[in-house]
Amino acid sequence: MFGAFRLTQPLSGGLLWKIPWRLSRHQKARHRERLQRVDNIISTLDNALAKKGLSTKQLERWKNEMPTEQEMLPKDKYTVFDRKVKRYRKAIHKLPKWTRVSQRLNPPGF
Amino acid sequence: MPSYFRITLLRSAIGLPSKSTGVLKALGLRKRMTTVYFPVSQDVAGQIMRVKELVDVAEVEKPLSKEEMREQRRPEKGFYVERRARTRLEQGIF
């Protein structure tokens, strides 16, 4: 019943990972920091190239399309669209490699 | 006035698409916390855009050599006295 070898769900059923369904506030804070870091890199690139009168297509596109961390809604910051989930939203930490990918836009209306 | 991008790899690209791994290799970033310098150009900006979540970027005036970067990290030599033992005694702090 008790002890190191008690019958728990992960032991008896093989693979069972327990990932909380929502983010903690510290995870959220670190996530915001990461978003801001990317925003800073974009502005550094833009400033450095603008001094030389240059720019790139990719950079312009990012600036036009992507909201900055401040402009993003909390809904888009901490959740992503998923068609398989009830109400079409899951927490962002369910996204594979979520700390190293940029996921800012979601389908309109969802 | 030429300026340079100082690029430092902060996060590894393990498990990411091979394109990001390839860009890091092309930039000469093999291990975390390595720093490389490249002149500001559209090509390098495009490369940085590809791995922007993994690196730290700053615009600097001149590139530093490996020895110079090491020298910057070195703490200052010697020590300084915060408070003499005598004054501590007089103040009654033991």
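Modeller: A salt bridge is a side-chain nitrogen of Lys or Arg within 4 Å of a carboxyl oxygen of Asp or Glu. The model discussed here is predicted.

Colleague: Which residue meets A:K63 in a salt bridge?

Modeller: The N to O distance of this pair is 2.9 Å, which falls within the 4 Å limit. A:K63 lies in helix 3 of chain A and its partner in helix 2 of chain A, 17 residues apart, so the pair links distant parts of the chain. The partner is A:D46.

Colleague: Is A:D46 buried or exposed?

Modeller: Buried residues have a relative accessible area under 20%, and exposed ones over 50%. A:K63, at 36%, counts as partly exposed. A:D46 has a relative accessibility of 18%, and therefore counts as buried.

Colleague: How many residues apart in sequence are the parts tied together by A:R104 and A:D39?

Modeller: The side chains of A:R104 and A:D39 meet in a salt bridge of 2.9 Å, N to O. A:R104 lies in the segment after strand 2 (89-91) of chain A, whereas A:D39 belongs to helix 2 of chain A, so the parts they tie together are separated in sequence by 65 residues.

Colleague: What is the relative accessible area of A:R104?

Modeller: Its salt-bridge partner A:D39 is buried, with a relative accessible area of 15%. A:R104 is buried as well. For A:R104 the value is 2%.

Colleague: How far apart are the end C-alpha atoms of helix 2 of chain A?

Modeller: Helix 2 of chain A covers residues 25-51, which makes 27 residues. At 1.5 Å a residue, the expected span is 39 Å. The distance between the end C-alpha atoms agrees with that expectation, at 39 Å.

Colleague: Which elements of chain B do the buried residues of helix 2 of chain A pack against?

Modeller: The buried residues of this helix include A:H31, A:L35, A:V38, A:I42 and A:L49. Within chain A, they pack against helix 3 (57-65) and helix 4 (74-78). In chain B, their partners are strand 1 (4-9), helix 2 (42-50) and strand 3 (55-60).

Colleague: Which residue forms a salt bridge with A:E69?

Modeller: A:E69 is buried, at 6% relative accessibility. Its partner is buried too, with a relative accessible area of 10%. The closest N and O atoms are 2.9 Å apart, and the partner is A:K77.

Colleague: Which residues are joined into one network by salt bridges that share partners?

Modeller: Over all chains, the structure holds 13 salt bridges. Some of them share partners and form one network. Its members are A:R37, B:R6 and B:D56.

How values were computed:
Residues numbered from 1 in each chain as written. Chains lettered and ligands numbered in written order. Predicted model: local features only at pLDDT ≥ 70, side-chain atom pairs only at ≥ 80, totals over all residues. Heavy atoms only, no water. Helix = DSSP H or I, 4+ residues; strand = E, 2+ residues; numbered from the N terminus. Expected span 1.5 Å × (residues − 1). Buried < 20%, exposed > 50% of the residue type's maximum accessible area, 1.4 Å probe, protein only. Contact = heavy atoms within 4.5 Å.
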